[in-house]
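Me: I am new to this one. Please show me the structure, and then we can go through it in short steps.

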Amino acid sequence: MTATVLTLTDANFEAELQRLTQPVLVDFWAEWCGPCKALAPVLSDLADDLSGQLQVAKVDADSNPALSARFQVRGLPTLLLLVNGVEVERLLGTSSKTRLLSLVKPHLPQAAA
Amino acid sequence: MSTQGSGAGLGAYLGDGQLKQHWLTMLQAHHLANRLRPGVLAWDGSTGSVVGTLLRSDSLAHWTARSGMPSWLAVLLDGLPSSTQADDTLPQPAGQLLVAITPGAQLDPVGSRFIRLLLCGPDLGVAGLAAPWPELQRLLLDIAEQHACSDQGTDSASPSTSHWADLQQRALQITNGREERYQTLELALAQLAEGAAWDPVTSRSAVLDTLRLWAGVRRVQASQQLGWTLADHLLVQSTLSDLHRQHVAPAPADAPNVFTLLEQHHPQLAQRMKAMLRAEDQQGGLDAPLVVQALQRLLAPAEPA
C-alpha cells in the first residue's frame, strides 16, 4: 500500500546505494524546513506509484553533513536523481508530482510509468 | 495506485457516531497533553501528527480501514498549516474538519469537488485569472471538467488514467522552459495545473498539493496587485548580491545579514519589499478561513458517492 521511503545517512549511504538496482531519488531535507514538509507527501505518493521502479530516499541534511557536502547541497529541499550512483538530475525547492514524474520517468528501467 | 481499504464502503467513521466521538475525545486528550507534532504522518509511540495519534501508527495503510475515509483526507489533515489558538480544545483546522464530517458520509468524491472549487468555484476559483493566457485557462477548465467527471463517476478507470496523463502533459508543455526564479502569475497558474491534474482517489497528495499551489497563485496575485513586478524582483536580487559582495563576503563573522544591510543602505526598496511580503502573508491569512469553511461545507453532507 505505501512504499518505503528509505532513510539514508552518512553511515549507510554507500552500502544502500550498492544494494539498490533501481534509480534513487534522494530528498535532502531538514526538520525546520517548511517547503521540505510540503514536498514529503508528494514524494511518498510518487514512491507508491513507482514502487519497484524507483527508490525514494531521504537525507536529513543537518544530521548528515558529509553527504550534504559531497553533493554540494546549497538549499533545501534539494532532490537528486541517482542512476547507478551517478547524479543525473537535480531539483531545488518544492515541485508538483507531475514535475517530479517528468523528471524521473526517462530514467526508469521501463519508461512506462 | 488505489488506496482504498476494507473500511471505505462503510463511509466516514465506518458509519459509527461513537467512533467519531471516541476519536474527537482522543484527539482532544493528545492536544491538551501537547502530544501532537505538526507535519507529515508520524507516530513514535507517544507523540505524532493528528492522523498518527488517532491511528497510533505511522502507516497510511491503516487509515482507510480504520476510518472509512480516503487517503487524501489523511494527507490533508496532517498537512494543513496549524491555526490552533491558545484556548482551542482541538488542534485546528484538523479538529474543525473532523467535527464537520458526518458518520457514514462517502468522502471519496469530495477531493475532486474541492479541487474544482479552487479552480473555478465562485469565491475561491482562480481559473479566471488565466484569461490573458487562453491555452492555460482552457487547461485549467479542462482539469476542472475532468474532476467533475471523476466526481460523477462518468469516466471509467482506464480512459481516466490517460485523460489525466494528457492534462499533465499539457501543463508541462506550458511550464517547461519558463523562468522559475521569479513567480509570475502565469507560471503560478501553470504550476497549479500541474498539481491539480491528478485524481485524488488514486493520488493521495493531489488535494494538499493543489491547495499549496493555489495559495501560491493567491500570493502572487496579492503582490502584483500591490504593483510588485519582475523589475522589482530583479532589483532586489542584484542589490542583495551587491551588498553581500561588499559587506558580508569580506568579513562574514562580523557582518549583519543582507536584509539588515538592505534596510540601512536602500530603505525605500526594503520598505517596498516588506510591503510586498506583508501583502502575501495577509492574503494567506484571509484565505485560510475561507478554505476551511469550503472544506467543512463539502465534508458535512453525507452524500452517497
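Reply: First a definition: a disulfide is a pair of cysteine sulfur atoms within 2.5 Å. Note too that this is a predicted model.

Me: How many disulfides does the structure hold over all chains?

Reply: The test is the cut-off of 2.5 Å between cysteine sulfur atoms. Counted over all chains, the number of disulfides is one.

Me: Which cysteine does the disulfide join to Cys33(A)?

Reply: The S to S distance in this link is 2.2 Å. A pair counts when its sulfur atoms are within 2.5 Å. The partner of Cys33(A) is Cys36(A).

Me: What is the hand of the link between Cys33(A) and Cys36(A)?

Reply: Look at the angle about the S-S bond. For Cys33(A) and Cys36(A) it is 85°. The link is right-handed.

Me: Is Cys36(A) buried or exposed?

Reply: Buried means under 20% relative accessible area. Cys33(A), with 3%, is buried. Cys36(A) has a relative accessible area of 2%, so it counts as buried.

Me: How far from Cys120(B) is the nearest cysteine sulfur?

Reply: Cys120(B) is in no disulfide. The nearest cysteine sulfur belongs to Cys149(B). Its distance is 12 Å.

Me: Is Cys149(B) buried or exposed?

Reply: The limit for buried is under 20% relative accessible area. Cys120(B), at 40%, counts as partly exposed. Cys149(B) is at 18%, so it counts as buried.

Me: Which pattern does chain A follow along the sequence?

Reply: Start with the elements. Chain A has four helices and five strands. Read along the sequence, their order is β-α-β-α-β-α-β-β-α.

Me: What radius of gyration does chain A have?

Reply: Chain A has 113 residues. A compact globule with that many residues would come near 13 Å. Chain A agrees with this, because its radius of gyration is 13 Å.

Me: What share of the residues of chain A count as buried?

Reply: A residue is buried under 20% relative accessible area. Chain A has 113 residues to sort this way. The buried share is 51%.

Me: What share of the exposed area of chain A do carbon and sulfur atoms supply?

Reply: Chain A exposes about 5,100 Å². The part supplied by carbon and sulfur atoms is 52%.

Me: How far apart are the centres of the positive and negative side chains in chain A?

Reply: Chain A has 9 positive side chains and 12 negative ones. Each set has its own centre. The two centres lie apart by 5 Å.

How values were computed
Residues are numbered from 1 along each chain as its sequence is written. Chains are lettered from A and ligands numbered from 1 in the order in which they are written. This is a predicted model: local features need pLDDT of at least 70, side-chain atom pairs count only at pLDDT 80 or more; totals for chains, interfaces and linings use all residues. Side-chain values use heavy atoms; hydrogens and water are left out. Helices (H or I, at least four residues) and strands (E, at least two) are DSSP runs, numbered from the N terminus. The radius of gyration is taken over C-alpha atoms; the globule rule is 2.2 Å times the number of residues to the power 0.38. Buried means under 20% relative accessible area, exposed over 50%, partly exposed in between (1.4 Å probe, protein chains only). Accessible areas come from the Shrake-Rupley method with a 1.4 Å probe; for residues, only the protein chains shown count as cover. Lys and Arg count as positive and Asp and Glu as negative; His and the chain ends are not counted. The place of a charge is taken as NZ of Lys, CZ of Arg, CG of Asp or CD of Glu.
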